[in-house]
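Here is a quick tour for anyone opening this structure for the first time. Have the sequence and the 3D view ready, and follow along.

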Amino acid sequence: MEGFPAQKLNIHKPCAITWFWISLLLLLQNSRGILSASNYLVGLGSYDITGPAADVNMMGYANTEQVASGVHFRLRARTFIVAEPQGNRVVFVNLDACMASQLVTIKVLERLKARYGNLYTENNVAISGIHTHAGPGGYLQYVVYIVTSLGFVRQSFDVIVDGIEQSIIQAHENLRPGSILVNKGELLDAGINRSPSAYLNNPAAERNKYKFDVDKEMTLLKFVDDEWGPVGSFNWFATHGTSMSRTNSLISGDNKGAAARFMEDWFNKIGLQNGYSDNVEATELPRRISNIIPVAQKNHHELLELAASFQSSSGKRVTKFMSVAKRVRSSLRQADKPSFVSAFCQSNCGDVSPNVLGAFCMDTGLPCDFNQSTCGGKNELCYGRGPGYPDEFESTRIIGDRQFKKAVELFNKASEQLKGKVDYRHTYLNLSNLEVAVPKQGGGNEVVKTCPAAMGFSFAAGTTDGPGAFDFKQGDDKGNAFWKLVRNVLKTPGKEQIDCQYPKPILLDTGEMKEPYDWAPSVLPIQILRIGQLVILSVPGEFTTMSGRRLRDAVKMVLTSGGNGEFDSNIHIVIAGLSNTYSQYVTTIEEYQVQRYEGASTLYGPHTLSAYIQEFQKLATALITGQPVEPGPQPPDLLDKQISFLTPVVMDATPSGVKFGDVHTDVPQNSTFRRGDTVTVIFWSACPRNDLLTEGTFSLVEIAGGKDTWVPAYDDDDFCVRFKWSRPAKLSTRSQATIEWRIPKSAAPGVYRIRHFGASKSLLGSIRHFTGSSSAFVVA
């Protein structure tokens with residue numbers, strides 16, 4: 001850089017010095033912008049919400065025989081908080097759960113108020129579920145959603161409330177100056193439309209505006225801490241959490257939970273190696289062990305000799321916190337640096353299936369009937385096939401991996417920065433009788449109303465992701481005389497309700513069923529969160545593809561045509577599905593006429609979508625004009641009315657001379673396994689409901705770090721480890737835990753053992769924690 005000419009400095013010294021300081025100030029300001037560009041405070045958090053892994057019915061398929069009996073991988077609540085340094089803030093929580101629950105939301109907000117006052121309220125806190133169908137149920141407050149779980153399950157409810165609160169506390173305590181980048185891209189092979197006949201009933205002109213019959217776009221946020229660099233990512237993409245089938249009994253986050261685990265491990269791996277690098281390829285699932293201890297240099301004979309010196313250990317008592325201390329990812333945490341948090345959030349997934357090969361008949365192998373998804377007139381044999389068919393675990397991995405790799409691509413290439421206000425609007429609506437202005441044929445508008453909640457006959461037919469039973473079929477707009485008689489035993493719908501819900505034939509008039517308490521919600525929350533040019537629409541249900549498109553377009557029109565030009569065509573609008581509470585599906589009025597499963601499950605009648613669009617437009621108008629909105633009618637708190645028929649754990653026992661944690665079936669002596677093999681060990685155990693081992697693990701794979709050291713390598717959080725719990729009979733006090741480790745290709749060679757943690761209950765009610773270990777074996 002050239003200096004100032006001497007004579008000019010002498011002649012215009014005061015002016016030159018002034019311009020020098022101004023230039024320096026501008027340079028520093030620009031440099032600061034390049035280095036951090038922070039305009040928000042950003043904080044992320046994550047906490048375990050894995051519920052009871054035994055005896056509790058899973059939420060999603062409404063299959064009474066789908067009862068939890070182990071863990072595929074653990075469930076988490078993941079949170080981000082974004083705040084203006086001296087202004088508004090918003091909280092978004094993503095749950096590895098089927099959906100949000102009104103009662104959970106109410107109790108979380110009560111806790112936040114007690115801790116933070118009015119800093120976090122119903123207005124600026126959104127809680128959204130990923131829609132896994134492999135998590136324990138019983139945590140919602142309305143009767144229809146807890147029938148198959150034998151009523152309310154306090155343990156399921158408590159662990160979710162606790163986990164959400166703890167994840168928000170973490171995010172709050174991690175708030176630091178940072179910036180947020182946004183990126184979008186197409187993911188083509190992670191979802192198909194499972195109700196194409198209903199989608200085709202939408203106007204052709206509207207369908208022609210879109211390339212696909214499902215939304216293929218993923219929108220990703222990249223959170224960057226000024227000091228630490230990237231600290232997390234959240235993305236929204238529409239596909240159902242039904243890669244795991246209706247017969248699966250292992251707790252699982254399904255494809256979105258898997259994707260989150262893959263991405264967090266990917267980032268932790270590259271962070272441990274060299275710090276963050278944008279050039280890392282997402283080519284395989286990450287492994288941590290080679291970064292913790294050196295790969296064993298011994299030859300195979302020496303490894304066998306070392307393994308032979310470690311026999312299975314007898315079960316022994318340990319403290320409650322032993323399994324927490326031994327968790328693999330606990331050993332990776334750096335106390336002075338935030339953990340990387342990645343969430344794969346749900347969107348308008350109503351008619352989107354991850355079973356991308358299509359729906360086929362189990363008996364003939366032929367495609368199912370196009371209109372009714374039946375095989376020979378019956379729905380029970382029509383199943384969607386995932387990309388790993390017939391292995392549902394492999395289908396889950398593949399769909400999760402596809403989302404993970406797209407997220408990594410968007411993460412690495414993200415460059416557009418969010419800038420602008422942080423704001424929010426929220427209100428409650430009574431959807432059982434809401435007036436809606438809709439266009440009238442011939443011009444003008446007419447006022448119609450939504451209806452009290454009701455489910456149609458096709459609801460009982462299920463979907464190609466999980467068929468129903470008996471003789472129900474999708475696309476039924478007439479009903480069945482026999483099932484109407486059965487329905488009338490519970491509640492006979494009146495003429496006004498029948499007319500309001502037309503052409504839906506009512507199977508369950510849930511909105512008018514009040515005994516022993518409300519069967520379905522009537523008061524529902526809607527919410528808009530804004531971070532700069534990003535707008536999140538929190539909806540309390542599953543919008544179909546076209547419903548979501550219409551809602552986004554309607555809100556975009558309001559935001560871009562009004563206000564002071566705060567929003568332009570570059571606005572990013574995402575739908576956060578299954579948020580704050582749950583009220584099933586929302587179809588377009590044209591899809592509703594077809595009465596497939598989604599239409600039959602659109603509770604509040606044919607004008608449900610129009611009601612949401614109308615009310616969201618009001619929220620959007622208030623947002624851009626800076627006006628407040630009325631809070632609306634408050635939803636009920638039904639906690640004190642909840643009923644449970646789930647029997648408690650009475651006691652656990654083992655055969656005479658056997659301790660909890662003893663090995664029942666060990667690995668073969670002097671055994672060697674290869675990558676791709678499965679190692680199986682069976683332990684004498686106790687009911688997992690005695691202690692959920694929150695932030696801990698039931699299963700642990702350890703690698704020998706020497707003659708006296710064992711290092712955690714894989715646990716409940718890993719896709720390759722499965723914890724299966726069983727008892728010989730329903731009322732038996734004896735039980736066993738089977739731990740399976742599918743050795744990944746990235747596993748380091750060495751000496752390993754399998755370890756089990758659990759907690760037993762005595763007849764007097766005391767809980768004692770235990771552990772046991774298998775004999776050692778070699779992985780070559």
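## A right-handed disulfide

C368 and C382 form a disulfide, with their sulfur atoms 2.2 Å apart. The torsion about that S-S bond is about 115°, so this disulfide is right-handed. The pair links distant parts of the chain: C368 sits in the loop between β15 and β16, while C382 belongs to strand β16, 14 residues apart. Keep in mind as you look around that this is a predicted model.

Are these two cysteines buried or exposed? C368 is buried, with a relative accessible area of 13%. C382 counts as buried too, at 1% relative accessibility.

## Its left-handed neighbour in the sequence

Now look at C361 and C375, which form a disulfide with sulfur atoms 2.1 Å apart. Here the torsion about the S-S bond is about -100°, so the link is left-handed. C361 lies in strand β15 (residues 358–361) and C375 in the loop between β15 and β16, so this pair ties together parts that are 14 residues apart in sequence. Both C361 and C375 are buried.

## A link further along

How many disulfides turn up in a search of the whole structure? There are three. One of them joins C451 and C500, whose sulfur atoms are 2.0 Å apart. With -90° about the S-S bond, that link is left-handed. C451 lies in the loop between β20 (445–449) and β21 (455–456), and C500 is in helix α13 (residues 495–501), so the pair ties together parts that are 49 residues apart in sequence.

The two ends of this link are covered to differing degrees. At 0% relative accessibility, C451 counts as buried. C500, at 21%, counts as partly exposed, because buried means under 20%.

## The pattern, and two more cysteines

Count the bonded cysteines along the chain and the disulfides follow the pattern 1-3, 2-4, 5-6.

Why does C98 have no bond to C349? The closest cysteine sulfur to that of C98 is in C349, 9.3 Å away, which is too far for a bond; a disulfide needs the sulfur atoms within 2.5 Å. C98 is buried, with a relative accessible area of 3%. Another cysteine to find is C687, which counts as buried at 2% relative accessibility.

## A nonpolar patch on the surface

Turn to the outside of the model. L357, M362, L381 and Y389 form a nonpolar patch on the surface, and together they have about 360 Å² of accessible area.

Y389 is a handy member to follow. This tyrosine lies in the loop between β16 (382–385) and α11 (392–413). Y389 is partly exposed, with a relative accessible area of 39%.

## Helix α11

That loop leads on to α11, so to speak, and the helix has a few things to show. At 1.5 Å a residue, the 22 residues of α11 should span 32 Å, and the end C-alpha atoms are indeed 32 Å apart, so the two agree.

What caps the N-terminal end of α11? D391 does: one of its side-chain oxygens lies 2.9 Å from the backbone nitrogen of F393. As for cover, α11 is mostly out of sight, with 16 of its 22 residues buried.

Note on methods. Residues are numbered from 1 along each chain as its sequence is written. This is a predicted model: local features need pLDDT of at least 70, side-chain atom pairs count only at pLDDT 80 or more; totals for chains, interfaces and linings use all residues. Side-chain values use heavy atoms; hydrogens and water are left out. Patches are made of residues with over 30% relative accessible area and no salt bridge: like charges are joined within 9 Å, nonpolar side chains (Val, Leu, Ile, Met, Phe, Trp, Tyr) within 5 Å. Accessible areas come from the Shrake-Rupley method with a 1.4 Å probe; for residues, only the protein chains shown count as cover. A salt bridge is a side-chain nitrogen of Lys or Arg within 4 Å of a carboxyl oxygen of Asp or Glu. Helices (H or I, at least four residues) and strands (E, at least two) are DSSP runs, numbered from the N terminus. Buried means under 20% relative accessible area, exposed over 50%, partly exposed in between (1.4 Å probe, protein chains only). The expected span of a helix is 1.5 Å times one less than its number of residues. A polar contact is a pair of N or O atoms within 3.5 Å; within protein, one must be able to donate a hydrogen and the other to accept it, and residues adjacent in sequence count only if both atoms are side-chain atoms.
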